[in-house]
Amino acid sequence: MIYRLNPNRIDFPDPRDGEEDGLFAVGGDLSIDRLLLAYQNGIFPWYAFRKEDNNFRDENDEPWIQWWCPMQRFVIFPNEIHISHSMRTLLRKGKYTFSFNQAFDKVLGYCGSLRIEERGAWLGPHIVEAYTKLHEEGFCTSVEVWDDTKPEELEEPDKWYFNADGRRLVGGLYGENIGKTFIGESMFSLVPSGSKLALIFLASWMANNGLTMIDCQLRTDHLESMGGRYISYDEYMEIINDY
């Protein structure tokens, strides 16, 4: 069953009543209160990307927000992150440094621009505004990967973003921090393995600081190769509610 949300009420029906792939509601808004309530219940927003969903549109032919909550959740436990031999070698070279929230807008922008041709890519103006507000309230975090390439070493240095230390932004990810869980939204790479480096750094930091789970939202071969696996929705909710 797919529910139509009441825009004047901040609530959700039981996602267990949704479709097999996890879609269970449409409509509503991207207010901070609704987004936080969603993430606290294992729910995340997505715009229409299936052919049969084209009827989920408003009077201006704009797609309604879709709300998803798969009953099998693809997650990575930080202490189970798989770091290949080649990635360990890359990290030991010391070429890369990492940070949190030093270039949130740039990370969001890269994630959006690199997905712009994908059907269902949803980092449009409304989503950017919503997640920027979440970031400003301390609920949305970016991870940045920087390398030591200097502008003079590049043919088109103006196409790159450099921090105050002169290091180049080459990868990253962003997502929501809910209790001890990080809910990954999107990642990007401007050099080989840029997003892998960001994920390894995040998982290592979480493991060292007592945080327990990275929600990948959707399975990919890339994430599975790094230790991702399925757990049930009930197990997921036990973990996310364990503050």
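In strand β9, Met187 is the bridge partner of Leu173. The model is predicted, so local features are given only at a pLDDT of at least 70 and side-chain atom pairs only at pLDDT 80 or more, while totals for chains, interfaces and linings use all residues. Residues are numbered from 1 along each chain as its sequence is written, and side-chain values use heavy atoms, with hydrogens and water left out. The protein chain has 7 helices and 11 strands; these are DSSP runs numbered from the N terminus, with H or I over at least four residues for a helix and E over at least two for a strand.

**The whole chain**

- Of the 243 residues in the protein chain, 47% count as buried. Buried means under 20% relative accessible area, exposed means over 50%, and partly exposed lies in between, with a 1.4 Å probe and protein chains only.
- The protein chain exposes about 12300 Å², and carbon and sulfur atoms supply 48% of that area. Accessible areas come from the Shrake-Rupley method with a 1.4 Å probe, and for residues only the protein chains shown count as cover.
- Among contacts between residues at least 6 apart in sequence, 69% join residues at least 24 apart. A contact means heavy atoms within 4.5 Å.

**The seven-stranded sheet**

- An open sheet is formed by 7 strands in the order β6-β7-β8-β9-β10-β5-β11, and the pairing is mixed. Two strands pair if DSSP finds at least two bridges between them.
- The edge strands are β6 (96–100) and β11, each of which pairs on one side only.
- From one strand to the next, the twist averages 35°. Axes are lines fitted to C-alpha atoms, for helices over the stretch in contact, and angles run from 0 to 180 degrees between N-to-C directions.
- Helix α3 (residues 104–113) packs on the sheet and touches β7 (140–147), β8 and β9. The direction of α3 makes about 95° with that of β8.
- Strands of a sheet pair through backbone hydrogen bonds, either parallel or antiparallel.

**Strand β9 and its neighbours**

- β8 and β9 pair in the antiparallel sense over 8 bridges. Besides the pair named at the start, Tyr174 has Ser186 in β9 as its bridge partner.
- The hairpin of β8 and β9 has 2 residues between the strands, and Gly179 there takes a positive phi near 60°.
- β9 and β10 run parallel and are joined by 3 bridges. Thr181 stands opposite Met213 in β10.
- β9 is mostly covered, with 7 of its 9 residues buried.

**Strands β2 and β4**

- Strand β2 (residues 23–27) runs antiparallel to β4, and 3 bridges join the two. Val26 stands opposite Gln66 in β4.
- In strand β4 (residues 65–68), Ile65 and Trp67 point one way, and Gln66 and Trp68 point the other way. All four named residues are buried.

**Helix α7**

- The buried residues of helix α7 (residues 233–240) are Tyr233, Tyr236, Met237, Ile239 and Ile240. They cover an arc of only 160° around the axis, which puts them on the same side of α7. The arc is that of the directions from the helix axis to the C-beta atoms.
- An α-helix has 3.6 residues a turn, so residues three or four places apart point the same way.
- The buried residues of α7 pack against α1 (32–40), β5 (72–76), β8 (168–178), β9 (181–189), β10 (213–215) and β11 (229–232).

**Salt bridges**

- Side chains of opposite charge can pair when their charged atoms come close.
- The count comes to 12 salt bridges, a salt bridge being a side-chain nitrogen of Lys or Arg within 4 Å of a carboxyl oxygen of Asp or Glu.
- Asp215 forms a salt bridge with Arg73, with the closest N and O atoms 3.4 Å apart. The pair links distant parts of the chain, since Asp215 is in strand β10 and Arg73 in strand β5, 142 residues apart. Both Asp215 and Arg73 are buried.
- Lys159 and Glu156 meet through their side chains in a salt bridge of 3.2 Å, N to O. Lys159 is exposed at 58% relative accessible area, whereas Glu156 is partly exposed at 45%.
- Salt bridges that share partners join Asp14, Arg16 and Asp234 into one network. Within this network, Arg16 forms a salt bridge with Asp14, the closest N and O atoms being 3.5 Å apart. Arg16 is partly exposed at 46% relative accessibility, and Asp14 is partly exposed at 35%.
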